[in-house]
Amino acid sequence: MNKVIITDHPLIQHKLTLMRMEETGSKDFRELLTEITMLMGYEVTKDLPLGEIEITTPVQKTTAKILKGKKLAIVPILRAGIGMVDGFVNLIPAAKVGHIGLYRDPVTCEPVEYYCKLPEDIGDREIFLVDPMLATGGSATAAIQLLKEKGANNIRMINLVAAPEGIEAVHAAYPEVDIYVAAVDEKLDDHKYIVPGLGDAGDRLFGTK
């Protein structure tokens with residue numbers, strides 16, 4: 001309960017610093033996000049259950065390890081979450097991908113749903129809910145609620161950078177959801193942006209303003 005796992009591998013921290021830099025362009029930002037997601041994927045998936053099967057190598061028959069248990073799904077929170085999909089798909093090609101579209105109302109700062117498309121068997125899958133930023137926690141809790149309404153029970157939240165306020169909000173609503181982050185930053189500013197953060201992840205990914 002209330003578990004936050006910080007993946008502080010040196011390569012992750014180095015690449016995150018490059019992403020934070022104002023001068024880093026969209027191309028490098030996208031590539032770095034994919035690379036960090038892959039590196040974080042090793043931590044997120046390290047407790048997946050293994051089974052054994054018999055195989056034949058070029059030398060002889062042997063017993064080898066293979067993933068077993070629940071099937072997996074990667075669900076990005078649009079739009080910035082889409083930048084984390086390739087990193088996970090590269091690791092787990094058989095995973096299904098769903099999408100949840102939310103945007104933050106500029107006046108109320110509350111999440112507004114505009115799209116939700118999930119695998120039909122989402123209730124049978126272990127879900128990696130991905131979004132680079134966990135700021136207020138509003139979008140994350142709304143996305144978790146949507147997933148649970150669709151029958152999902154096993155959800156992990158993966159973020160690049162989180163604010164303490166966002167972590168607290170998610171765990172207040174859903175204490176059973178583990179949160180994996182590369183960094184927990186200082187706070188939110190008056191506009192609910194993470195400080196020091198890395199700016200608007202969606203704008204930096206796609207070159208928009």
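**Figure 1. Asp-200 is partly exposed, with a relative accessibility of 31%.** Here, buried stands for a relative accessible area under 20% and exposed for one over 50%, with partly exposed in between (1.4 Å probe, protein chains only). What you see is a predicted model, in which local features need pLDDT of at least 70 and side-chain atom pairs count only at pLDDT 80 or more, while totals for chains, interfaces and linings use all residues. Residues are numbered from 1 along each chain as its sequence is written, and side-chain values use heavy atoms, with hydrogens and water left out. Asp-200 sits in the loop between β13 and α6 (201-206). Helices (H or I, at least four residues) and strands (E, at least two) are DSSP runs, numbered from the N terminus. With residues up to four places away in sequence set aside, Asp-200 touches Arg-79 and Tyr-193; contact means heavy atoms within 4.5 Å. Look also for Gly-202: its backbone nitrogen lies 3.0 Å from a polar atom of the Asp-200 side chain.

**Figure 2. Ile-194 belongs to a "binding site" set listed by UniProt.** The full set in this unreviewed entry is Ile-194, Gly-199, Asp-200 and Ala-201. The lining of the largest pocket takes in these residues: Ile-194, Gly-199, Asp-200 and Ala-201. UniProt positions follow the numbering used here, feature names are shortened, and annotations may be inferred rather than shown by experiment. On a 1 Å grid over the protein atoms alone, a pocket is an open set of points where a 1.4 Å probe fits, with protein on both sides within 12 Å along at least five of seven lines; lining residues have an atom within 4 Å of a point. Ile-194 is part of strand β13 (residues 194-195) and is buried because its relative accessible area is 9%. Beyond its neighbours within four places in sequence, Ile-194 contacts residues including Met-133, Leu-134, Val-161 and Leu-188.

**Figure 3. Pro-132 and Leu-134 are members of another "binding site" list.** In this unreviewed entry, UniProt names Arg-79, Arg-104, Asp-131, Pro-132, Met-133, Leu-134, Ala-135, Thr-136, Gly-137, Gly-138, Ser-139 and Asp-200. Residues of this set that line the largest pocket include Arg-79, Arg-104, Leu-134 and Asp-200. You can find Pro-132 in the loop between β8 and β9 (133-134), where Pro-132 is buried at 2% relative accessible area. Not counting residues up to four places away in sequence, Pro-132 touches several residues, among them Leu-33, Ala-80, Met-84 and Ala-201. Leu-134 lies in strand β9 and is buried as well, with a relative accessible area of 2%. Under the same sequence limit of four places, the partners of Leu-134 include Ala-140, Ile-167, Val-170 and Ile-194.

**Figure 4. Phe-88 and Phe-128 form a tilted aromatic pair.** How many aromatic pairs does the model hold? The count is one, under a rule that pairs rings of Phe, Tyr and Trp (its six-membered ring) if their centres lie within 6.5 Å. Planes under 30 degrees apart count as stacked, over 60 as edge-to-face and the rest as tilted. The centres of the Phe-88 and Phe-128 rings are 5.4 Å apart and their planes meet at 40°, so this pair is tilted. Because Phe-88 lies in helix α3 (residues 85-91) and Phe-128 in strand β8 (residues 125-130), the pair ties together parts that are 40 residues apart in sequence. Phe-88 is buried at 0% relative accessible area, and Phe-128 is likewise buried at 0%.

**Figure 5. Helix α4 covers residues 138-149.** From first C-alpha to last, the 12 residues of α4 reach 17 Å, close to the 16 Å expected at 1.5 Å a residue. That expected span is 1.5 Å times one less than the number of residues. Buried residues of α4 include Gly-138, Thr-141, Ile-144 and Leu-147. After α4 comes Gly-151, with a positive phi near 105°.

**Figure 6. Lys-15 makes a polar contact with Glu-35.** Is Lys-15, in helix α1 (residues 10-20), buried or exposed? Lys-15 is buried, with a relative accessible area of 18%. Its side chain meets that of Glu-35 at 2.8 Å. A polar contact is a pair of N or O atoms within 3.5 Å; within protein, one must be able to donate a hydrogen and the other to accept it, and residues adjacent in sequence count only if both atoms are side-chain atoms. Leaving aside neighbours within four places in sequence, Lys-15 is in contact with Leu-32, Glu-35, Ile-36 and Leu-39.
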